[in-house]
Amino acid sequence: MNEIFLTLGIEAWKPTLSALLMPPVPFLVLVVAGARLMFRRRLLAWLLVLVGVLGIWFSCTTALSQGLSQWLLKPQIPLQESQIAELKRAPRTAIVVLGGGRRLLAPEYGVSSLHERSIERLRYGMWLSRETGLPMAFSGGIGHNALPGPSEAEIAARVAEREFGRPLKWTETQSRDTRENALRTVALLEPQGIDKIVLVTHGYHMPRALRNFQRASEGRNITIVPAPMGMSPSGRLRASDWLPTAAGFEGTRLVLHEWLGRLMGA
């Protein structure tokens, strides 16, 4: 599906289509359809309304978002101490952090800044870089349909130097999505003699990111090591996990966004 979008030159439509396919839109459609049928097919109408209301409720729960993540994405586990120790002895290796969004203006700073997802990824990348001594790259341009301004990587370079005190060695500023992250970053690092990439992104995003980087590395002497972060701790669900929350709704949308992206080949 992604190849069709690219062929037709409508890849910029992906954010709009994604928003229409994810909660709460499908469930709201069911509620409206049920209301429309209320005076003609009452049983079907109430069924649609009930499914729509329950869908909205459960899509806002942490229980569903965590369950969908394990079922649909099967995220990998974070790097272990032994793996980090091995990276300390790995030559020609680079840490690559993928952007997760930007803020064109953060009024409290008076300049552009990174979205909280990007900040979390950058922070973990910086920690890995300090632990291993490996150089670091950040990949992120301006997304589809986004307003013009500084790229994610340019903002990340400023934040890394001024706030973390550790400059980035490479910045990839032209990519608009995960597929281009992979293609452009591999093309940037291969001439630098890099043959191993430690890939940093959120756990829910890692399956799709890893697949794209592995595709971009086919035929090249580059190994991809996944370094997922932001994972939810495993444990028994609490009663409160079945109550609607903003975090639960965001988690469900992120999981479904990644799952739809994989189905579409993005």
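## Helices, strands and the whole chain

Helices and strands here are DSSP runs, counted from the N terminus; a helix needs at least four residues and a strand at least two. Arginine 253, for instance, is found in helix H11. The model is predicted. In the chain as a whole there are 11 helices and seven strands.

The chain has 266 residues, and 45% of them are buried. Its C-alpha trace spans about 70 × 45 × 45 Å along the principal axes. The accessible surface is about 14,500 Å². Carbon and sulfur atoms hold 59% of that surface. Among contacts with a separation of 6 or more, 74% join residues 24 or more positions apart.

## The nonpolar cores

The largest nonpolar core holds 24 residues. Leu79, Ile95, Leu122, Leu128, Leu168, Val198 and Val200 have the most contacts inside this core. Several elements give it two or more residues each. The helices are H6 (81–87), H7 (116–132) and H8 (152–163). The strands are E1 (93–98), E4 (136–139), E6 (196–202) and E7 (223–229). Helix H8 supplies the largest share, five residues.

A further core lies apart from this one. That core has 18 residues, including Val96, Leu98, Val186 and Ile194.

Leucine 168 belongs to the largest core. Residues up to four places away in sequence are set aside here. Leucine 168 then touches Leu122, Met126, Met136 and Phe138. Leucine 168 also touches four alanines: Ala153, Ala156, Ala157 and Ala160.

## A nonpolar patch on the surface

Nonpolar side chains also gather on the surface. Leu50, Leu54, Trp57, Phe58, Leu237, Trp242 and Leu243 form a patch there. Together they have about 670 Å² of accessible area.

Leucine 237 is one of the patch residues. Leucine 237 sits in the loop between E7 and H11. Its relative accessible area is 42%, so leucine 237 is partly exposed.

## Two aromatic pairs

The whole structure contains two aromatic pairs. In one, the ring centres of phenylalanine 58 and tryptophan 242 are 6.2 Å apart. Their planes stand at 85°, so this pair is edge-to-face. The pair links distant parts of the chain, 184 residues apart. Phenylalanine 58 lies in helix H4 (residues 42–59), while tryptophan 242 is in the loop between E7 and H11. Phenylalanine 58 is partly exposed, with 32% relative accessible area. Tryptophan 242 counts as partly exposed at 42%.

The other pair joins tyrosine 124 and tryptophan 127, with ring centres 5.9 Å apart. Their planes meet at 15°, so these rings are stacked. Both residues sit in helix H7. They are three residues apart, which means a separation of about one helical turn. Tyrosine 124 is buried, at 16% relative accessibility. Tryptophan 127 is partly exposed, at 41%.

## Helix H11

Helix H11 covers residues 246–263 and includes glutamate 258. Is glutamate 258 buried or exposed? Glutamate 258 counts as buried, because its relative accessibility is 4% and the cut-off is under 20%. Neighbours within four places in sequence aside, glutamate 258 is in contact with Leu73, Tyr204, His205 and Arg208.

Arginine 253 is in helix H11 as well. Arginine 253 is partly exposed, with a relative accessible area of 25%. How far apart are the C-alpha atoms of arginine 253 and tyrosine 124? They are separated by 23 Å. Along the chain, the two residues are 129 residues apart.

## Backbone at two loop residues

Most residues other than glycine have a negative phi. Lysine 74 has a positive phi of about 50°, although it is not a glycine. Lysine 74 is placed in the loop between helix H5 (62–73) and H6. At 58% relative accessibility, lysine 74 is exposed.

Asparagine 145 also has a positive phi, near 65°. Asparagine 145 lies in the loop between E4 and H8. Asparagine 145 is exposed, with a relative accessible area of 58%.

Definitions and conventions
Residues numbered from 1 in each chain as written. Predicted model: local features only at pLDDT ≥ 70, side-chain atom pairs only at ≥ 80, totals over all residues. Heavy atoms only, no water. Core = buried A, V, L, I, M, F, W, Y, C linked by side-chain atoms within 4.5 Å. Buried < 20%, exposed > 50% of the residue type's maximum accessible area, 1.4 Å probe, protein only. Contact = heavy atoms within 4.5 Å. Patch = residues over 30% accessible without salt bridge, like charges linked within 9 Å, V, L, I, M, F, W, Y side chains within 5 Å. Areas by Shrake-Rupley, 256 points an atom, 1.4 Å probe, with all protein chains shown as cover. Salt bridge = Lys/Arg side-chain N within 4 Å of Asp/Glu carboxyl O. Phe/Tyr/Trp six-rings, centres within 6.5 Å; stacked < 30°, edge-to-face > 60°.
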